[in-house]
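Subject: Structure for your files

Hello,

Here is the structure I said I would pass on. My notes on what was found in it follow below.

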Amino acid sequence: MSVIEIKVPDIGDFKDVAVIEIMVKPGDSIRLEQSLVTVESDKAAMEIPSSHAGVLKELKVKVGDKVNIGDLLAILEGAATTAAVAPAAAPAPASPVAAAPTPTSSAPAPVVPAAVALASATPIVPAHNPTALPLQLPHASPSVRKFARELGVPLNEVKGSGLKGRITEGDVQSFTRSVMSGAVQTVAAAAQSKSAGGSDGAALGLLPWPVVDFAKFGPIERKDRSRIKKISAANLHRNWVMIPHVTNHDDADITDLEAFRVATNKENEKAGIKVTMLAFLIKACVAALKKFPDFNASIDGEQLVVKQYFHIGFAADTPNGLMVPVIRDADKKGIFQISQEMSELAKKARDGKLSPAEMSGAGFTISSLGGIGGRYFTPIINAPEVAILGVCKSTMEPVWDGKAFQPRLMLPLSLSWDHRVIDGASAARFNVYLSQILGDFRRVFL
Ligand code: CAO
């Protein structure tokens, strides 16, 4: 048996680097090239591997010490096997990167079988940090990264307990135990359960949903939620959470348009044709989408897909829940054809007979509560679209014409838009333009 001194190897141009993590303890059997400590400069974190195998007798540094090349790190007792070792580097955590790389480590990771880690009797400490920025590289040494990769642990969700929030191997083990015990859920698992209609807010770091025994307060009835309601709930929830919504409200003067609509319906009464305001709105929106193409777009990664077709969805209230049939190529159709297709699609929706094709492909959606009432509301964007128009019931209002108040039929408009694609000025212009068209429908042909 020989006594071996382990010293800080050549770590490049760094001076006085801080020891931020000790990865071994006296009495441990150390393998050749096993990482002993992690040091960190302002640019990188490095693990210092052992140049010999043996049993660790004494550590000569502690967390917070500053070391330089040649400084004594540890004393081993054992066989005199040596190797030319170089520290394994990981990028410093302070600088966020465009995409999270997975650095590979040349240093062997400590072998901790998952089963052992999970069976440990250590109390469960949820080490979950689901709100960590996904683009920020987790603060961990290469061997901890490797360990996390082997266990399939999303390192950016692990809360570090080490110096400056550094993630240690113990944190990864503790996270794994927490997930296995059900105490925490990974963001991916939570997203999966959410898309299935679940309502677990753990992934967002929210308080659990209140569990209340309502029957304690009075009589209740339990009803199953329809399949459509569950599907639309999951979609609406995702859209509400993932899209930064803003809603602009405006009013359109539809006095003349309504008079025209009523007259048209009277003329065509015998033919059984009835036109509602929604058909005009669809046509007016097509004109506005042509002028503001970004409202007829979808985000696709770094790109914006701007559609050159004009398929308009409209929300239909059915006994089973909300459905959104689509009028295809609304730019190529007249008001009568749009009205007729709309009433057929709305009937199909109410009868539960819409095909998936009849509900897909919209570039923009209109949700009209005009037949019901109300003033304004904040419709939720129908992803992957980037805008939706909400319409409420028109009412006669006194409107100042510069000389006197005139009775005008005003239609309340509520345009919700995705702030990642559209800004407030464009949304205001869209509404102004839409109001101009509805105010004088001849503008559609300009
Ligand atoms: N202002 C005043 N009256 C209006 C109006 C408006 N903006 N829009 C429609 N009306 C009138 C119609 O002229 C019709 O009047 P009459 O019966 O006297 O002719 C009456 O209201 C009923 O219209 P409608 O609702 O049947 O027809 P529509 O073309 O306007 O709408 C449809 C069709 C399928 C969109 C509608 O029935 C519907 O389901 N709307 C609900 C959409 C919804 O739930 N949105 C919310 C989504 S977010 O949860």
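Strands here are DSSP runs of at least two residues, and helices are runs of at least four, both numbered from the N terminus. With that naming, Glu-33 sits in the loop between strand E3 (29-30) and strand E4 (35-40). Please keep in mind throughout that this is a predicted model.

Glu-33 is listed because its phi is positive, near 75 degrees, and it is a residue other than glycine. Its relative accessible area is 30%, so Glu-33 counts as partly exposed. Asp-329 is another non-glycine residue with a positive phi, about 45 degrees. Asp-329 is in the loop between E16 and H8, and it is partly exposed at 26% relative accessibility.

The chain as a whole

The protein chain has 446 residues, and 42% of them are buried. Its secondary structure amounts to nine helices and 20 strands. If contacts are limited to residues at least 6 apart in sequence, 65% of them join residues at least 24 apart. The chain exposes about 24000 Å², with 57% of that supplied by carbon and sulfur atoms.

The ligand

Which residues come nearest to the ligand? There are 19 residues around it, and the nearest are Lys-274, Thr-276, Asp-317, Ser-367 and Ser-394. Several contacts involve the protein backbone. A polar backbone atom of Asp-317 is 2.8 Å from an oxygen atom of the ligand. Ser-394 places a polar backbone atom 2.9 Å from a ligand nitrogen atom, and for Gly-370 a backbone N or O atom is 3.4 Å from a nitrogen atom of the ligand. On its own the ligand has 970 Å² of accessible area, and the protein covers 67% of this. The elements giving two or more residues to the surrounding shell are E14, H8 and strand E17 (364-368).

Helix H8

H8 contributes to the ligand shell, and there is more to say about this helix. It runs over residues 335-350, and for 16 residues at 1.5 Å a residue the span should be 22 Å; the end C-alpha atoms are 22 Å apart, in agreement. The buried residues of H8 are Ile-335, Ile-338, Ser-339, Met-342, Leu-345, Ala-346 and Ala-349. Viewed down the axis of H8, these buried residues fall within an arc of 140 degrees, so they line one face of the helix. The cover over them includes helix H7 (277-291) and four strands: E13 (312-314), E14 (316-318), E15 (321-323) and E16 (326-327). After H8 comes Gly-352, with a positive phi near 70 degrees.

Helices H3 and H2

Helix H3 (residues 169-181) has 13 residues, and the distance from its first C-alpha to its last is 18 Å, close to the 18 Å expected at 1.5 Å a residue. Its buried residues are Asp-171, Val-172, Gln-173, Ser-174, Phe-175, Thr-176, Arg-177 and Ser-178. Gly-182 follows H3 and has a positive phi near 85 degrees.

Two of those H3 residues come up again with Ala-148, which is in helix H2 (residues 142-151). Is Ala-148 buried or exposed? Buried means under 20% relative accessible area, and Ala-148 has 1%, so it is buried. Leaving out neighbours within four places in sequence, Ala-148 is in contact with Val-153, Leu-155 and Val-172. Ala-148 and Gln-173 are 25 residues apart in sequence, with 8.6 Å between their C-alpha atoms.

Two loop positions

Gly-205 is in the loop between helix H4 (187-195) and helix H5 (227-242). The cut-off for exposed is over 50%, so Gly-205, at 53% relative accessibility, counts as exposed. Its C-alpha is 9.8 Å from that of Val-184, 21 residues away along the chain.

The other position is Pro-384, in the loop between E17 and strand E18 (387-391). The peptide bond from Ala-383 to Pro-384 is cis, with omega near 10 degrees.

Regards

Technical notes:
Residues are numbered from 1 along each chain as its sequence is written. This is a predicted model: local features need pLDDT of at least 70, side-chain atom pairs count only at pLDDT 80 or more; totals for chains, interfaces and linings use all residues. Side-chain values use heavy atoms; hydrogens and water are left out. The expected span of a helix is 1.5 Å times one less than its number of residues. Buried means under 20% relative accessible area, exposed over 50%, partly exposed in between (1.4 Å probe, protein chains only). The arc is that of the directions from the helix axis to the C-beta atoms. Contact means heavy atoms within 4.5 Å. A residue is near a molecule or strand if one of its heavy atoms lies within 4 Å of it. A polar contact is a pair of N or O atoms within 3.5 Å; within protein, one must be able to donate a hydrogen and the other to accept it, and residues adjacent in sequence count only if both atoms are side-chain atoms. Accessible areas come from the Shrake-Rupley method with a 1.4 Å probe; for residues, only the protein chains shown count as cover.
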